[in-house]
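The following paragraphs offer a guided reading of one protein model. The sequence and the structure are shown first, and the explanation then proceeds from a single helix to the wider fold.

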Amino acid sequence: MSCPMHVMFLREAANSRGPARSNGDWQLLLQQAEQLQATTTEHYCNGDVMPDIVAYCRSQNLSRLLLDRSVLRRYWWRLSPLVRVGQLGPDIDVIIYGGVSNRQRQAAARAQDHAFARREPVDWGKVGLALMFVCATTALLWPFSSILAITNIAMLYLALTMVVALRLGRWPGLVCAVSSVALFDFSFIPPLLSFSVADIQYLITLLVMLAVSTLISQLAAQQRFQGRLALQQTQRVHSLFELAKRLSGSLQKEQIVQESQKLLLSDLGEDVFVILPDAHESLLLPEAEAGHEAAGLDMVAAQWAFDNEDKAGFGADTLSANAFRYFPLHAPVRIRGVLAVRMQGAPHLLSPEWQQQLEIYAHVIAIALERIHFVEVANEFLRQVESEKLRVTMLNIISHDLRTPLTVLIGEAEVLAAESNDNHVRQKAAIILDRARCMHDMMSKLLDMARIDSGQQHISKSWQSIEELVGAPSGTRMCPPGVMS
């Protein structure tokens, strides 16, 4: 279609499996989208994603929306996403493209779930702590069972479930919800010390309590995840602000390199190097600092990233066996260097949000380096201007100082040629007078050139005859040989 493309990675905020999944096929798809010069973005959503998609399209002034064929599915409890887009954005063109079948999609989702279960096991320590809280709450409420109403005891268990889910996470919250209902039935619902229910009303109460406690656990875990996500984003923004603030006060390239490496090392926890080129566009190996070794740094890969203006190294399509990934420092005018980040052993840096963060770091460093470059260019220009002013001033002084003795010399030569009776003396005086006048004419021309360069002399233009201009050099008196030298 010959138009810019935006690719959105939609991650459900309530789903903690998103980061694990994004390091697999989603990461590969986002890399392919970046190779097609697409703008990639990651967005967290809750349930209905269509309002967020339409809002993003309006913010970026996008007129076409490409959706998978699966959006045509319709559920009885909600409208089809295609219908939702028609309601929220009637001015947006929707293009439906073919995708994998539902069976393949479900199989891939189950495979991802199993892989996630193997990678991130349940934290049994927090689950045991949740069971201890439920048992302790039951022991504290048991002496007051004759005083407190059944509904108040149920509310206390629900509050405990919410606190556990907020503090410990999703799985401890679910375990707390189920165990709370079980101990509530065992300890406070007649017949006591039994899981049997004598009255059908209590059974409804237990079922409602189980559903509400499970819902509270899910919502609390979702809120906890969103809070942690907001904290991470705040930390990344603060790191970016701190980097920009430090680089704005740097006056030399060495300061920019040191400040960037120091801040990114503390932020990422991995080795970071800023590699700059020399006058011949060849990258120089950075000096290793204390506790900051350059082991594994491949200058060939860094030079390739610099020459081709593309990423290389770990996780990229070019030279992916390297332990570092090399980001070219793109500035508005040209490439200013390469940012090398050790990513082997740090899979979280491959996530889309961290990739965008690293690219922003590289862009900020490139802008700072280009600012220093233009400051140096401006200083060099000022030095040249001052040197030219000094040259013009010296030329004016020399011209004025030479014209005074030349005038005296011309006058004395004229007197000597007019009053002397010796022919030999008159010939010598004529030669002196001729050369002095030639030198005086040269000084006058130099002075005029100095005035023209300084802007004090204005050239007056008038019409002249071509015959006179062509014939004038034939009658012009030439200076004797050796005067110009």
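The expected span of a helix is taken here as 1.5 Å times one less than its number of residues. By this standard helix α5, which covers residues 124-141 of this predicted model, can be assessed directly. The helix has 18 residues, and the distance from its first C-alpha to its last is 26 Å, close to the 26 Å expected at 1.5 Å a residue.

The buried residues of α5 are V127, A130, V134, T137, T138 and L141. They cover an arc of only 100° around the axis, and they therefore lie on the same side of α5. A general property of helices is relevant to this pattern: an α-helix has 3.6 residues a turn, so residues three or four places apart point the same way. On the other side of α5, W124, G125, M132, A139 and L140 are exposed. The buried residues of α5 pack against two helices, α6 (150-168) and α7 (170-188).

Within helix α7 lies S180. This serine is buried, with a relative accessible area of 1%. Leaving aside residues up to four places away in sequence, S180 touches V134, Y157, T161 and M209.

Aromatic residues provide a further view of this region. Six aromatic pairs are found in a search of the whole structure. One of them joins W142 and F188 in a tilted arrangement, with 6.2 Å centre to centre and 50° between the planes. The pair links distant parts of the chain, since W142 lies in the loop between α5 and α6 whereas F188 belongs to helix α7, 46 residues apart. The two partners can also be described by their accessibility. W142 is partly exposed, with a relative accessible area of 39%, while F188 is buried at 5%. Together with Y157 and F184, W142 and F188 form one aromatic cluster.

Attention may now turn to the nonpolar cores. The largest has 29 residues, of which L329, L339, V341 and I365 touch the most other members. At least two residues of this core come from each of α8 (200-248), α9 (253-268), β5 (272-275), β7 (324-330), β8 (335-342) and α11 (352-419). The largest share, 10 residues, is supplied by α11. Apart from this core lies another, of 17 residues, among them L141, A154, Y157 and V164. Returning to the largest core, the contacts of L339 include L264, V272, F273, L329, L358 and I365, not counting residues up to four places away in sequence. A separate interaction involves R236, which lies over the face of W354 at 5.8 Å from the ring centre.

Two loop residues merit attention for their backbone geometry. Most residues other than glycine have a negative phi. N61, although not a glycine, has a positive phi of about 60°. N61 is found in the loop between α2 (50-59) and β3 (64-68), and is exposed, with a relative accessible area of 72%. E281 likewise has a positive phi, near 65°. E281 is placed in the loop between β5 and α10 (299-308), and counts as partly exposed at 32% relative accessibility.

The protein as a whole has 13 helices and eight strands. Buried residues make up 33% of its 485 residues. Among contacts with a separation of 6 or more, 63% are between residues 24 or more positions apart.

Note on methods. Residues numbered from 1 in each chain as written. Predicted model: local features only at pLDDT ≥ 70, side-chain atom pairs only at ≥ 80, totals over all residues. Heavy atoms only, no water. Helix = DSSP H or I, 4+ residues; strand = E, 2+ residues; numbered from the N terminus. Buried < 20%, exposed > 50% of the residue type's maximum accessible area, 1.4 Å probe, protein only. Arc of directions from axis to C-beta. Contact = heavy atoms within 4.5 Å. Phe/Tyr/Trp six-rings, centres within 6.5 Å; stacked < 30°, edge-to-face > 60°. Lys NZ or Arg CZ within 6 Å of the ring centre and 35° of its normal. Core = buried A, V, L, I, M, F, W, Y, C linked by side-chain atoms within 4.5 Å.
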